[in-house]
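Trainee: I'm new here, and I'd love some help finding my way around. Could we look at it together?

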Amino acid sequence: MKKNLIHICWFIPLTFVTTSLFSQPYSIKFEIKGQPNRKVILGTIKGDDFFAKDSTVSYSEIIHFSLPTNSESGIYRVILGQTPYARIMNEAPQHLDFIFNKEDIEICTEFKTPKDSAVVIQSVENDLWFSFHKFETNYQKEIALLEQEVDYFWSKQDTQNVLKKANEFNEKQSIRNLSIKQNCEKYSDLLAAKLIALFYEPVRDGHLSPDDRKKAYQKDYFTTIDFSDAELIKSAGYTDKVFQYLTTYNSPELTQKERETAYKKGVDIILSNTTKNIEVSEFITNYLCHGFEVLKMQNVIDHIKNSQVFSIKFEVKDQPNSMVTLGFVKGNDFIAIDSTRSNNEITCVSLPWQSESGIYRAILSDKHNKKSVNTVPRHIDFIFNKEHIEIKTTFTAPQDSAVVIHSRENELWFSFLNYETNYRKNITALEQEADNLWAKQDTANALKKTNEFNQTQITRNLMIEQNTQKHPELFATKIISLFIEPVKDGFLSPDERNKAFRKEYNKTAGIIKKPD
């Protein structure tokens, strides 16, 4: 599934730009034996999605990239191109996944077997990561063979050999888990350790029959995984674990309807165990929906959506322990839909998937008029559009103090509101200054200030247009686009300027709007 990443920046400080320009980039170097002369692409992965960042053409077996110092840490992928067989069969190109975590990297490998042949020359992260991969590859072959033997003796009711092989099978799993635990503790500062920790699994008890063993494994699966670290979204770690769990519910003997029923059961368990972190929960839900869309299982998608509840969380400094009312705003009407009591400055409410998108309001105290937006006490207005939301603010100034912790929609919305507040103060002052200078017949300064007044309005409209075009999928952009206005021409007298403004006002947003 595609997850759109939103970077909102209404103003970029010069110091940030200067730092980025002169910081030393990280060197990413590969020596690929047998690498053909073709385009090589470097990018990041998030679950099943690949995001290209850079590309080059390989004219030798040496491939070199540079990553700026502000590059995000996570699993990166270098796509090397297709083998001759893959081109004929239209199969995926060869690629190598590796960890980038603020260090120079050098890896040698072979074009035909990039992952299995990888030798890390420089990189603490990848030295641990690829060492574990080689260990895990051998382990999975050995443990699969052992389980087959255990199951064989179960089918023959050979108790003596079942006990012998089951002990060996269980011990091998326990030793692996201990090795993972010890290495993750030893290298706890590395991103590789966090990814390796995801491989820790409950022991599949060989003393149980195959069916009972699978049921016990399904029951205990999520007791060993922590789905609270949003950093691991920038890898295939979480999605691989979810996929692995879902495969335990599949069987070639199942009909399509039976398979959908089994998947629904698995999905319910997955969703209930991935709620610790809002961003992770949203990521897993999107991954599941996309996966079942590929499988053309709309019934499972509908089940996910119908059972999903969106978390709306406010942390309000100095919030009294009072009833908080949640509702949505339509024109001048406030329609209350839920209420709860705040607890130690924390307020949590939920919205079902079917909730309509729009502007919602959280009224932060007990006394309010539910019918009129003009008499409500302290409140915060925000956008809901099918996503989890977390916002920090203060009780004294909830709207102006809002800091968005999680919500793509509200990150854009509150960023714009902050920009717009400053713009309104600035443009009003500029208009007054220009009018005063014209009144004093100070032509030189009046011309200068009027040009600044006009240009500031043009720049604002252009900025709104660019940001709304950048994120057309967001509900926030539809609202922000309504703020585009005709330029008040400072070269006209105040009366003529306002007449021209009113005349052109309704044309700018493509709707009928009431003048201020």
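Here is a short conversation about the fold and its cores.

Trainee: How many helices and strands does the chain have?

Mentor: Keep in mind as we go that this is a predicted model. The C-alpha atoms fill a box of roughly 105 × 60 × 45 Å along the principal axes. Within the chain there are 14 helices and 16 strands.

Trainee: What share of the residues is buried?

Mentor: Here a residue counts as buried when its relative accessible area is under 20%. The chain has 516 residues, and the buried share of them is 42%.

Trainee: Which helix gives the most to the largest nonpolar core?

Mentor: In soluble globular proteins, nonpolar side chains tend to be buried together. In this chain the largest nonpolar core has 65 residues, and Ile284, Leu288 and Phe292 are among those with the most contacts inside it. Seven residues of this core come from one helix, spanning residues 278–294, and that top contributor is helix 9.

Trainee: How many residues are in the other core, the one with Val316?

Mentor: That core lies apart from the largest one, and Leu326, Leu351 and Leu364 are also among its members. Its size is 36 residues.

Trainee: Which Asn does Phe98 touch, leaving out residues up to four places away in sequence?

Mentor: Phe98 is one of the residues with the most contacts inside the largest core. Its partners include Ile28, Phe30, Leu42 and Ile107. Also on that list is Asn126.

Trainee: How far apart are the mean positions of the positive and negative charges?

Mentor: The chain carries 65 positive and 69 negative charges. Their mean positions are separated by 3 Å.

How values were computed: Residues are numbered from 1 along each chain as its sequence is written. This is a predicted model: local features need pLDDT of at least 70, side-chain atom pairs count only at pLDDT 80 or more; totals for chains, interfaces and linings use all residues. Side-chain values use heavy atoms; hydrogens and water are left out. A nonpolar core is a set of buried Ala, Val, Leu, Ile, Met, Phe, Trp, Tyr and Cys residues joined through side-chain atoms within 4.5 Å. Buried means under 20% relative accessible area, exposed over 50%, partly exposed in between (1.4 Å probe, protein chains only). Helices (H or I, at least four residues) and strands (E, at least two) are DSSP runs, numbered from the N terminus. Contact means heavy atoms within 4.5 Å. Lys and Arg count as positive and Asp and Glu as negative; His and the chain ends are not counted. The place of a charge is taken as NZ of Lys, CZ of Arg, CG of Asp or CD of Glu.
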